[in-house]
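Me: I'd like to go through the helix contacts and the internal spaces of this protein, and hear how each label is earned. Could you take my questions one at a time?

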Amino acid sequence: MKRFKSIISILLALIFIISSLLSVSLANSSSKKTNFKIALVTDIGGVNDRSFNQLAYEGMKRAEKDLKIKATLIQSKQMTDYIPNLSKLARENYDLIIAVGFLMHDAVVEVAQKYPKAKFLIIDSDISNIKNVASALFREEQGGYLVGNAIALLEKAKFGKTTGKNTFGVVGGMAIPPVNRYIAGFKAGVLNQIPNAKVIIKYTGKFDDPASGKEVALTEISEGADFVYQVAGQSGIGVIKAAEEKGVYAVGCDADQSYLSPKTVLLSSLKKVDVATYSVIKDTYQGKFKSGIHYFDVMNNGVGISFSKSIPKDIVNKINDIIKNIKAGKVKIPTELK
């Protein structure tokens, strides 16, 4: 009997020890979750670009609310701010540092290699050979292709204020890969519907200057463009203003930009930067951070198109058919301008 009581005592002691260890482990885990912190560094376009910086910020704020984590925003005023901003956050042991935009590529490479224990997410740039960097890339050409087809169909249908001149304008920010993928897809989409169409392509050289966007757009409109497609970040706000003033149509980019001018912006190509940002934050929070490339396209709802209510239903249906064909691999869309 005494031996039996001794065994019971030992078992109870073991159960107490195991329970204590589990409690400590759970407490540590809870503490780690509570202290989880992320930060987002914008490029020079800033969080009020009504475009991809703003979308990345929205994705971060959603994660902050859903996961109850700490989120910090740092806005870069000039390109020389990138390295100091990223370095400061790495030294402060943030769990994930988000760099928004292709222009931050070199800065992320330098800082990530200097701080190998820090984790980084870069939007719009391919950094696949550094173990602590995840890259969110988008099939922008798909979004460009969809809006290109749509506005060409509107032109053929002589919708609204279109003139039937089959002339279309594009205003890019800088001639960097994500911008050029958009434009390549857009041009291919227009020519898919109107093979002899004229597509005017110009760049502002900046992503943070609405005045330059307006100036370039006015030039394209004077050359007969019924539609101007902005792929210029904050500079694109000026493109929309020019279209509004001249009574032509604008095409938004990255986000649904119809709210900027409902009668002018009939549709927008969508790049779900918010979805990508939230997705990688959540994975990191759950201990599932994965370096390398994360692709977003029509297949996973990372790329798409938005329509205003004034777009005829038959045109919306035709674009939805094109989306189905892209998903089925029946459409080959160029990623580079020719």
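Reply: Sure, what follows is a run of questions and answers on helix pairs, cavities and a pocket, and keep in mind that the model is a predicted one.

Me: Let's begin with α7 and α8. Why are these two called oblique to each other?

Reply: Helix α7 (residues 210-222) and helix α8 (residues 236-246) pack at an angle of about 45°. Under 35 degrees would count as roughly parallel, and 65 to 115 as roughly perpendicular. The angle of about 45° falls in neither range, and therefore α7 and α8 are oblique. Their axes are 6 Å apart, and α7 passes α8 in a right-handed crossing.

Me: What makes this a contact, and which residues of α7 and α8 meet?

Reply: Contact takes heavy atoms within 4.5 Å. On the α7 side, P210, G213, K214, A217, L218 and I221 qualify, and they meet G238, V239, A242, A243, E245 and K246 of α8. By class, that contact has seven nonpolar, two polar and three charged residues. Gly counts as polar, and G213 and G238 are both in the contact.

Me: Now α2 and α9. How do their axes lie, and which hand does the crossing of α2 past α9 have?

Reply: The axes of helix α2 (residues 52-67) and α9 come within 7 Å and cross at roughly 40°. The crossing is right-handed. From α2, the residues in contact are F52, L55, A56, G59, M60, R62, A63, D66 and L67, and from α9 they are V273, D274, T277, Y278, I281, K282 and Y285. They divide into ten nonpolar, two polar and four charged.

Me: And which residues of α3 and α4 meet?

Reply: Y82, I83, L86, S87 and A90 of α3 touch A107, V108, E110 and V111 of α4. By class there are seven nonpolar, one polar and one charged. S87 and E110 are among the residues in the contact; Glu counts as charged, while Ser falls under polar. The helices, α3 (residues 82-91) and α4 (residues 105-114), have axes 9 Å apart at an angle of about 35°, and α3 passes α4 in a right-handed crossing.

Me: On to the internal spaces. What makes something a cavity here, and how many of 30 Å³ or more are there?

Reply: A cavity is a set of points where a 1.4 Å probe fits but cannot get out. By that rule the count is two cavities of 30 Å³ or more. The largest cavity holds about 140 Å³ of space, and the second largest about 30 Å³.

Me: What lines the largest cavity, and which element gives the largest share?

Reply: There are 18 lining residues, and F52, D124, V179, F207 and D254 lie nearest the centre. α6 gives the largest share, three residues, and both α6 and β9 (249-254) supply at least two. The lining divides into eleven nonpolar, three polar and four charged residues. F52 turns up here and also in the contact of α2 with α9.

Me: How do you know which residues line the second largest cavity?

Reply: A lining residue has an atom within 4 Å of a point. V280, D283, T284, K288, F289, K290 and H294 line this cavity. Helix α9 (residues 273-285) gives the most, three residues. By class, the lining has two nonpolar, two polar and three charged residues.

Me: Last, what makes a pocket a pocket, and how much space lies in the second largest pocket?

Reply: A pocket is an open set of points, whereas the probe cannot get out of a cavity. The second largest pocket has about 170 Å³ of space. Of its 13 lining residues, D126, L137, F138, R181 and Y295 are the closest to the centre. β5 (133-138) and α6 (177-193) are the elements that give two or more residues, and α6 has the largest share, three residues. The lining has six nonpolar, two polar and five charged residues.

Methods. Residues numbered from 1 in each chain as written. Predicted model: local features only at pLDDT ≥ 70, side-chain atom pairs only at ≥ 80, totals over all residues. Heavy atoms only, no water. 1 Å grid on protein atoms, 1.4 Å probe; cavity = no way out; pocket = protein on both sides within 12 Å on 5 of 7 lines; lining within 4 Å. Points joined across faces, edges and corners; volume = space filled by probe spheres on them. Helix = DSSP H or I, 4+ residues; strand = E, 2+ residues; numbered from the N terminus. Axes fitted to C-alpha atoms, helices over the stretch in contact; angles between N-to-C directions. Left-handed = near helix turned anticlockwise from the far one by under 90°. Parallel < 35°, antiparallel > 145°, perpendicular 65-115°, else oblique.
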